[in-house]
Amino acid sequence: MARRVSDGQAARGNSSAVACVLGVTTTKGENMSEALRGSRLGARSYETDDHVEFAPRQTTYYDCPNGHTIEMPFSVEAEIPPVWECRCGATAVLRDGVLPEPKPGKHVRTHWDMLLERRSLEDLEVLFEERLDLLRAHRVPEKKSA
Ligand SMILES: [Zn+2]
């Protein structure tokens, strides 16, 4: 870093000092500015490379079923989650991502499936009518009866 010249010094054109630093012997203005330009460019790239380390990043996109797009900058070393919760509350899916496949042959029981295990459709019809009556009478109890 012995040859480092700050922008401030260069801009002020302290020619003797700069010439001394750069080891330039000529006093011609044109050559001087050429030398300065080269020096300043060199000094800048030096700082970027040596003093600032940017963590390598990748931009990851998630697509929300409601049409939103989420942009997440992840470090390349980070483990990218396959899903991300959108601001609207829906589950956005990693674009081009591979979702974990549901295990083959294993049916995922829904609430509806579980309900049918406990009640026949006939029972549900009755309950449904009861609920409708309650709704019409504006007397919906807090506790769920189903
Ligand atoms: Zn959304």
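1. In this predicted model, a good place to begin is D63, whose bridge partner in β4 is V93. The two strands concerned are β1, covering residues 57-63, and β4, covering residues 91-94, and they pair in the antiparallel sense over 2 bridges.

2. On the question of how β4 is joined to β3, the two strands run antiparallel and are connected by 3 bridges. Within this pairing, W84 has A92 of β4 as its bridge partner.

3. The hairpin formed by β3 and β4 has 5 residues between the strands, and in this hairpin G89 takes a positive phi near 100°. A reader following the backbone from β3 into β4 may wish to look at G89 with that phi value in mind.

4. Taken together, 4 strands form an open sheet with antiparallel pairing, and their order is β2-β1-β4-β3. The edges of the sheet are β2, residues 69-75, and β3, residues 83-85, each of which pairs on one side only. As for the relative orientation of the strands, neighbours in this sheet are turned by 35° against each other on average, with direction ignored.

5. As general background, the strands of a sheet pair through backbone hydrogen bonds, in either a parallel or an antiparallel manner; in the sheet described here, the pairing is antiparallel.

Notes. Residues are numbered from 1 along each chain as its sequence is written. This is a predicted model: local features need pLDDT of at least 70, side-chain atom pairs count only at pLDDT 80 or more; totals for chains, interfaces and linings use all residues. Two strands pair if DSSP finds at least two bridges between them. Axes are lines fitted to C-alpha atoms, for helices over the stretch in contact, and angles run from 0 to 180 degrees between N-to-C directions.
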